[in-house]
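Visitor: I am a first-year student, and I would like to understand how the labels given to a protein model are justified. Could you show me the structure and let me ask about them?

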Amino acid sequence: MSHQHGPGCNHGHEGGEGGQRTIHVNDANKAPPLYKNVANYLKDEKKSGLKPRQGVLNGKRFEYFKGKRAIDALLREEFKKIPPKEEIPQNREDAYRILNELGRLGFILRVDRGESMGGKGTPRLLQVNPVQQVQEEGYYMWIWEGSQVRQYFGAILLVIIVLAAVLFPLWPDFLKLGVWYLSVAVLGLIGVFFGIALVRLVLYIITLPILPRGFWLFPNLFADCGVIESFIPLYGFDEPKEKKKKKSTSSSKSSASTSTTVTEEKTD
């Protein structure tokens, strides 16, 4: 990759032809364990809340994110469990420093975002930014893929599953019987789940005209959480209607104020 040297660059440089400079990206696998843990935290969308986007650079897909979102993620309570106490960022300047170290150590690279390749929702074209420095409005691309052990293990497991499915006619009878019982158990669990969803919907419809707020059995059933957390608490209610009324009244006031200003301008 080549770029023009700029102030604040956090990568090594070397002269080249035509006034261009070559970025020497450090090997992130040789970085201290602290920054590997930071990178793993940022790559974990559930913990960090940093949603990656898809981009294309030199015909290859990469994940990228906005600097402001990463700094916000480093200031979350979840991040305080990862580094030692003396390394916990206390303000945005500390988060800037950590993010800059990720770039210097070869985890991320600052890029400019271009047009979408095929319309809305498709990956965008990326280009290396000539100035490699941390900015909230800048975009940063992951060039560190992390540990490949999990991917290798998943690939091997997939091959084993495919081979086992192909050789299913050769399985002994007790294994075939076990698979049949397992499939029936899985179908039973799915049926129980849909049954609970149907019951909670019926209870909500029945209680909606009776109670001031709608009643939900297992309110976190479809929430993005663990299996146990989905059934806790046992029941819940809709948000109070007063909040919705306040929102509607505030919106009506704002619309009324804008309409009065428009009429005043017309009279002028």
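Visitor: What makes Glu87 count as buried, partly exposed or exposed?

Guide: Its relative accessible area is 25%; buried means under 20%, exposed over 50%, and partly exposed in between, with a 1.4 Å probe and protein chains only, so Glu87 is partly exposed. Before we go on, please keep in mind that this is a predicted model, in which local features need pLDDT of at least 70 and side-chain atom pairs count only at pLDDT 80 or more, while totals for chains, interfaces and linings use all residues. Residues are numbered from 1 along each chain as its sequence is written, and side-chain values use heavy atoms, with hydrogens and water left out.

Visitor: Which residue does Glu87 meet in a salt bridge, and how do you know that the name applies?

Guide: The partner is Arg97, with N to O at 3.9 Å, and a salt bridge is a side-chain nitrogen of Lys or Arg within 4 Å of a carboxyl oxygen of Asp or Glu, so the pair of Glu87 and Arg97 qualifies. This pair links distant parts of the chain, since Glu87 is in the loop between α3 and α4 and Arg97 is in helix α4, ten residues apart. Arg97 has a relative accessible area of 37% and is therefore partly exposed.

Visitor: How do you know that the length of helix α4 agrees with what is expected?

Guide: Helices (H or I, at least four residues) and strands (E, at least two) are DSSP runs, numbered from the N terminus. The expected span of a helix is 1.5 Å times one less than its number of residues, so the 13 residues of α4, residues 92-104, should span 18 Å, and the end C-alpha atoms are indeed 18 Å apart.

Visitor: What lies at the two ends of α4?

Guide: At the N-terminal end Asn91 acts as a cap, with a side-chain oxygen 3.2 Å from the backbone nitrogen of Glu93, and just after the helix Gly106 takes a positive phi of about 95°.

Visitor: Why is Glu101 called buried, and which salt bridge does Glu101 form?

Guide: The relative accessible area of Glu101 is 17%, so Glu101 is buried. Glu101 forms a salt bridge with Arg104, the closest N and O atoms being 2.7 Å apart, and both residues lie in α4, three residues apart, about one turn of the helix. Arg104, at 36%, is partly exposed.

Visitor: Why is the pair of Phe215 and Tyr235 called stacked or edge-to-face?

Guide: The structure holds 14 aromatic pairs. In this one the ring centres are 5.9 Å apart and the planes are at 25°, so the pair is stacked; rings of Phe, Tyr and Trp (its six-membered ring) pair if their centres lie within 6.5 Å, and planes under 30 degrees apart count as stacked, over 60 as edge-to-face and the rest as tilted. Phe215 lies in strand β8 (residues 215-217) and Tyr235 in strand β9 (residues 235-237), so the pair ties together parts that are 20 residues apart in sequence.

Visitor: What makes the pair of Tyr235 and Phe237 stacked or edge-to-face?

Guide: Tyr235 and Phe237 have 6.2 Å centre to centre and 85° between the planes, and the pair is edge-to-face. Tyr235, at 48% relative accessibility, counts as partly exposed, and Phe237, at 39%, counts as partly exposed as well.

Conventions
A polar contact is a pair of N or O atoms within 3.5 Å; within protein, one must be able to donate a hydrogen and the other to accept it, and residues adjacent in sequence count only if both atoms are side-chain atoms.
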